[in-house]
Amino acid sequence: MALLVNGTETMRVLIVEDDAGIASGLAATLKSSGYAVDVTPTLALATAALRVEPFDLVLLDLGLPDGDGLDWLRAVRQSGQVMPVLIMTARDGLPDRVAGLDEGADDYVVKPFEPEELLARMRVALRRSEGRASPLLHHGELMVDPAAHTVTRNGEPVVLRAKEFALLLALLRSSGQVLSRQRLEQALYGFDEVLDSNALEVHMHHLRRKLGDDLVKTVRGVGYFVPVPQNKGVA
Ligand code: CA
């Protein structure tokens, strides 16, 4: 019998797993624990799912038919999504664990794992994310809240479209480094999106119009960067 706890909101979990047996077993376990569950067997479908539905947590296999889960996770984090991601993998080598955590995973479970262990780790990750202070990004006069998708300049709100926001976030997170066109396009678009050849320039143009020409520098033939802000020394 299901026990409903007052005030407990249903948590929505996305399982990205191409092994149908593992995926359906996991989905059944999670559903019986009160989670709302969606399963996608490819990274492209996972990207599409994240675009239409907010998820509280993602369980991510690494070996997917259309790519490596770690590459996907990097793009998800670059786009500003902060929900907890737990990696499920048979690769139990130290380098893979470190790589997963570096790319923005919150935790790791090594297959085969006990359902009880997974559920416990999920609860820890969800608790942590609920209490997580919003990691604000400060850059000169700009303050960016990746979770709330808001930008202020000198305390005044600046309204950015989703792609402009993703572009700004990618540039600020790597300030001082030149980011190639390809890297920025990866941060902006899902793997299954077809984009116009000048799409990046269009978003860059709008971003500069809204935030000033000085913020983003062009390195012709290479890419773009945001300089590290100079400290205005106080004498
Ligand atoms: Ca797999």
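Pro112 sits in the loop that runs between β7 (107-110) and α5 (115-131). The peptide bond joining Lys111 to Pro112 is cis, with omega at about -5 degrees. Bear in mind that this is a predicted model, so take that bond, like everything below, as a feature of the prediction.

Just past that loop comes α5, and Leu118 is one of the residues in this helix. Leu118 counts as buried because its relative accessible area is 1%. Setting aside neighbours within four places in sequence, Leu118 is in contact with Leu26, Leu30, Leu59, Leu86, Val109 and Phe113. As for the way back to Tyr108, the C-alpha atoms of Leu118 and Tyr108 are 9.3 Å apart, with their positions 10 residues apart along the chain.

There is another backbone oddity to look at, this time at Asn154. Asn154 is not a glycine, yet its phi is positive, at about 50 degrees. You'll find Asn154 in the loop between β10 (150-153) and β11 (156-158). Is Asn154 buried or exposed? With a relative accessible area of 56%, Asn154 is exposed.

Now for the whole chain. It holds 8 helices and 14 strands, and 40% of its 235 residues are buried. Of the contacts with a separation of 6 or more, 59% are between residues 24 or more positions apart.

On to the cores. The largest nonpolar core has 24 residues, and Val151, Leu167, Leu168, Leu171, Leu184, Leu207 and Val216 are the ones with the most contacts inside it. The elements giving two or more residues to this core are β9 (142-145), α6 (162-173), α7 (181-188) and α8 (199-211). Helix α6 supplies the largest share, 8 residues. A second core, separate from that one, has 20 residues, among them Val16, Leu43, Phe55 and Leu64. As a general point, nonpolar side chains in soluble globular proteins tend to be buried together.

Leu168 gives a good look at the largest core. Beyond neighbours within four places in sequence, Leu168 is in contact with Leu142, Val144, Val151, Leu160, Leu207, Leu211 and Leu215.

How do α6 and α8 meet? Their axes come within 9 Å and cross at roughly 80 degrees, which makes α6 roughly perpendicular to α8. On the α6 side, the residues involved are Lys163, Glu164, Leu167, Leu168 and Leu171. They meet Leu200, His203, Met204, His206, Leu207, Lys210 and Leu211 of α8. Sorted by class, this contact has 7 nonpolar, 2 polar and 3 charged residues.

Met204 is worth a stop of its own. This α8 residue is buried, at a relative accessible area of 1%. Leaving out neighbours within four places in sequence, Met204 is in contact with Leu167, Leu171, Leu184, Val216 and Tyr224. The C-alpha atoms of Met204 and Glu164 are 7.2 Å apart, although 40 residues separate the two along the chain.

Next is α2 (residues 43-52), where Leu43, Ala46, Thr47, Ala49 and Leu50 are buried. Why are they on the same side of α2? Because they cover an arc of only 160 degrees around the axis. The buried residues of α2 pack against a set of strands, β1 (12-16), β2 (36-40), β3 (57-61), β4 (63-64) and β5 (67-68), and also against α3 (69-78).

Two strand residues fill in the surroundings of α2. Thr40 belongs to β2 and, at 7% relative accessibility, counts as buried. Apart from neighbours within four places in sequence, Thr40 is in contact with Leu14, Ile15, Val16, Glu17, Leu45, Ala46 and Ala49. Leu60 belongs to β3 and is buried as well, at 0% relative accessibility. Not counting residues up to four places away in sequence, Leu60 touches Val16, Leu43, Gly69, Trp72, Leu73, Val85, Leu86, Ile87 and Met88.

Here are the C-alpha separations side by side:

| Pair | Apart along the chain | C-alpha separation |
|---|---|---|
| Leu60 and Ile15 | 45 residues | 6.3 Å |
| Met204 and Glu164 | 40 residues | 7.2 Å |
| Leu118 and Tyr108 | 10 residues | 9.3 Å |

Terms used. Residues are numbered from 1 along each chain as its sequence is written. This is a predicted model: local features need pLDDT of at least 70, side-chain atom pairs count only at pLDDT 80 or more; totals for chains, interfaces and linings use all residues. Side-chain values use heavy atoms; hydrogens and water are left out. A nonpolar core is a set of buried Ala, Val, Leu, Ile, Met, Phe, Trp, Tyr and Cys residues joined through side-chain atoms within 4.5 Å. Buried means under 20% relative accessible area, exposed over 50%, partly exposed in between (1.4 Å probe, protein chains only). Helices (H or I, at least four residues) and strands (E, at least two) are DSSP runs, numbered from the N terminus. Contact means heavy atoms within 4.5 Å. Axes are lines fitted to C-alpha atoms, for helices over the stretch in contact, and angles run from 0 to 180 degrees between N-to-C directions. Angles under 35 degrees count as roughly parallel, over 145 as roughly antiparallel, 65 to 115 as roughly perpendicular and the rest as oblique. Ala, Val, Leu, Ile, Met, Phe, Trp, Tyr, Cys and Pro count as nonpolar, Asp, Glu, Lys and Arg as charged, and the others, Gly among them, as polar. The arc is that of the directions from the helix axis to the C-beta atoms.
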